[in-house]
Amino acid sequence: MNTSENSIEQLTQEMENAIDSLFTPTKKIEIDPLTNEIKAENNTQRTGTSPSASAAPEIHDSIPPSGLFDQNVTKLPLSLQNALRELYQGLMTIEWDMAVSHIQKARRLLDGLSGNLTADQIGLTQHVMTQMADILAALEAIPLNQVPSHSPKLLLNLFEVLEQVLTSDNMTPEKTIAMAAPLSQELNNFFEEIERIQQDTPFQLEQGAAAGTTSPGLASAAAIARDLHRPLPEQSIPSLSLVPETEPPVAPKPVTPAAPEAPPFLQEAVAKHTMQLSRWIDRLNALEKILAGVSGMEKLLAFHRQLKQEMAAQGQILAQAIHRPMAPVAPDVRTEAPEPAQPACPWRMLARTEWWGKRIAFPQEYIAFEGKLPWGRGKQLLSKDSLPLSMLKKWPWSGIRSLLTGSLSSLEDSQLKTMVMPILVSQEPPPSIIITEPSVLLLWNPETSKGCVILADSPSTPFKTDAWTWEDAPTKPFFAGILRKNDDAIYVLSQDIFS
Amino acid sequence: MALIDLSKKEVHCKVVYYGPGRCGKTTNLIYIYNAMSDAAKGKMLTIETKGDRTLFFDLLPLNLGKIGGFDIRIQLYTVPGQTIYASTRKLVLKGVDGVVFVADSLKVRKAKNIESLQDLANNLKEHGKSMDEIPMVIQYNKRDLVSSPIPTLSIEEMKKDLNPQNKWPDFEASAVKGAGVFETLREISKLTVKYVAKKHLLIK
Ligand SMILES: Nc1nc2c(ncn2[C@@H]2O[C@H](COP(=O)(O)OP(=O)(O)O)[C@@H](O)[C@H]2O)c(=O)[nH]1
Ligand SMILES: [Mg+2]
């Protein structure tokens, strides 16, 4: 273009004209300073083209066209754009306020972003994503007042690379590494610094807390990180064992007929409530870990512990009250001869699913994980006889524990990642229809501390057993009994599966 | 950012509405967004809105269309006013091409106005810019309150505090009623596009 003074003059004149004609109000409105509601002067205009009802339109599906955000991003699918923008905001938030909650949020957003990537993109971005995740994990593991000052910038730089990788054509993983190469020196420095900080301050927290020198909130990240390797004190609270201790017995022993029983709806309600209680206790446990690491939070921590104990005690009372009539005894099915009289199902509630062409059932509280494996890994399992728990993870750096429910989730990640669970294989011929992507059910028996994996054809659903008749099945491997109703049969797994 | 992409023929100008917390920056953008025709405005983005309206910043992209073969866009940003967001304020000023300084007419905000203007000067300096160089417009907002019982500052007083040498064009405004909002916008837009065109296109 001609860049003489004259043409600039002409250009600006045209721009000014455009500004005059475009940047004018097309309607008269008013904003209520108290409610921020927008009122059109002429009420009939309220249904106009702009979202006039809300004063602060929170439109989150548009991307800033440029400036802070790479323009090419608009080529990407909207969900990925949003995930990128959210992560970007998360990193900016860290930049302006280094706080544990922001670091944790950024980690979640990074995880969330990964869910929006195609297999190809995962391969391309893995290098950068891992670096970012490692930095965030490191930041969480050190006292906040020692966070290296260049870390937010480093994260943003990596984000830029990530964005470039996703928006460039003809990318290869090698090119990604090359793109990130200029940052490698800084990354090395960063991790060296982190290592030094961790070595220098292993017990800084306790000392600080005792001497009252650590300011509140500063060292909680370090505490969480260390807690991963060291059990918390005061683990005597019976919280996590609540469910296993109080749930119905696991052997096909008939209910004592003489005992008076609570009505089924009540039993069900109480069972649900005790389950919920134990879930809440789980959450309190997580919270406790955080609080335990923050000086100045001792009162709140004590309050939470008290609350937890009370909840656990309440759970015990409820569970005992409701299960007493059921008289749990004789846990070993193999040595127990079947009762000659019509026996009843020892469980009120079970979960059922399809497996090996059969309907099977098991106590719901055994479920430690249920779902498909990431990246279609479930397929690989069909030809395997065991599942390393690390296969549940989506990313090398993500934890296993957070994926689990029930008492297995009380184990530390360091333990979990070494665990391998056997996959249950039927001795019967394989079914005619083979599911290509099984629903993985990880069952865990807290009493025996053993687990196994079922590659189910469908997700499990809970059901009440009282409408079914029970038939002991001592000869069949795996099964404690069969529930029958009309022509339907559900095979109930026995404890043998955990041996 | 004055992001001028000659190959794509795009010119992006970044205008930041600066000022103390709760002076009405976001309200300016909301007014513009709601009163303007759809032809030129993009979608407004209000980020991290919680109780305090702007925790992060607001963004309203405006489009002037193709002029002289260039696609010209003006992006309006606001900054959070609270002190704890100091580094965000700095960040939003990165690559700024024009500033609207919004002052609050409430008497109790007199010191805050002055403090914020000083803050702006410092932050611009950190980005290697100055208020003498960069296009700037001052807006005395909430003038509708003058007729209310709430104590307000007179225009003379505000000028003396914020624009004593009459360096910058200034406007009285009421962002809730819309008075002065578009006048401010047009003035800063013109100054900014001119500045960007001169600075960047001439060198090329
Ligand atoms: N009376 C009156 N109130 C205003 C005016 N401009 C903004 N406000 C109110 O002042 C409050 C803060 O405005 P806001 O735009 O969120 O301030 P910001 O922090 O600068 O973005 C809101 O309740 C607005 O409705 C105005 O011109 N007159
Ligand atoms: Mg605001």
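**Group meeting talk: a walk through chain A**

Hi everyone, let's begin with two helices. The axes of helix H4 (residues 119–141) of chain A and helix H6 (residues 173–180) of chain A come within 8 Å, and they cross at roughly 25°. Before I go on, please keep in mind that this is a predicted model.

How do H4(A) and H6(A) lie relative to each other, roughly parallel or roughly antiparallel? Angles under 35 degrees count as roughly parallel, and therefore H4(A) and H6(A) are described that way. As for handedness, the crossing in which H4(A) passes H6(A) is right-handed. You can find the contact on your screens: H4(A) brings A:Gly123, A:Leu124, A:His127 and A:Val128, while H6(A) brings A:Pro173, A:Thr176, A:Ile177 and A:Ala180.

Now for a sheet. Please look for three strands in chain A, in the order S5-S8-S9; they form an open sheet with antiparallel pairing. Which strands stand at the edges? They are strand S5 (367–371) and strand S9 (450–456) of chain A. Each has a single partner strand, so one side of each is left without a neighbour in the sheet. From one strand to the next, the twist averages 10°.

Let's follow one pair in that sheet. Strand S8 of chain A, residues 439–445, runs antiparallel to S9(A), and 7 bridges join the two. If you would like a landmark, pick A:Leu443, which stands opposite A:Cys452 in S9(A).

Next, a single residue. Find A:Thr12 in helix H1 of chain A, which covers residues 5–22. Is A:Thr12 buried or exposed? Its relative accessible area is 4%. Buried means under 20%, so A:Thr12 counts as buried. And what does A:Thr12 touch, leaving aside residues up to four places away in sequence? Two residues with a B in front of their names: B:Lys194 and B:Ala197.

Finally, let's zoom out to the whole of chain A. How many helices and strands does chain A have? There are 14 helices and 13 strands. Of its 499 residues, 48% count as buried. The accessible surface of chain A comes to about 24300 Å², and 55% of that belongs to carbon and sulfur atoms. One last number concerns contacts in chain A with a separation of 6 or more: residues 24 or more positions apart account for 66% of them.

That's my tour. Thanks for listening!

How values were computed: Residues are numbered from 1 along each chain as its sequence is written. Chains are lettered from A and ligands numbered from 1 in the order in which they are written. This is a predicted model: local features need pLDDT of at least 70, side-chain atom pairs count only at pLDDT 80 or more; totals for chains, interfaces and linings use all residues. Side-chain values use heavy atoms; hydrogens and water are left out. Two strands pair if DSSP finds at least two bridges between them. Helices (H or I, at least four residues) and strands (E, at least two) are DSSP runs, numbered from the N terminus. Axes are lines fitted to C-alpha atoms, for helices over the stretch in contact, and angles run from 0 to 180 degrees between N-to-C directions. Buried means under 20% relative accessible area, exposed over 50%, partly exposed in between (1.4 Å probe, protein chains only). Contact means heavy atoms within 4.5 Å. Accessible areas come from the Shrake-Rupley method with a 1.4 Å probe; for residues, only the protein chains shown count as cover. Angles under 35 degrees count as roughly parallel, over 145 as roughly antiparallel, 65 to 115 as roughly perpendicular and the rest as oblique. A crossing is left-handed if the near helix is turned anticlockwise from the far one by less than a right angle, and right-handed if clockwise.
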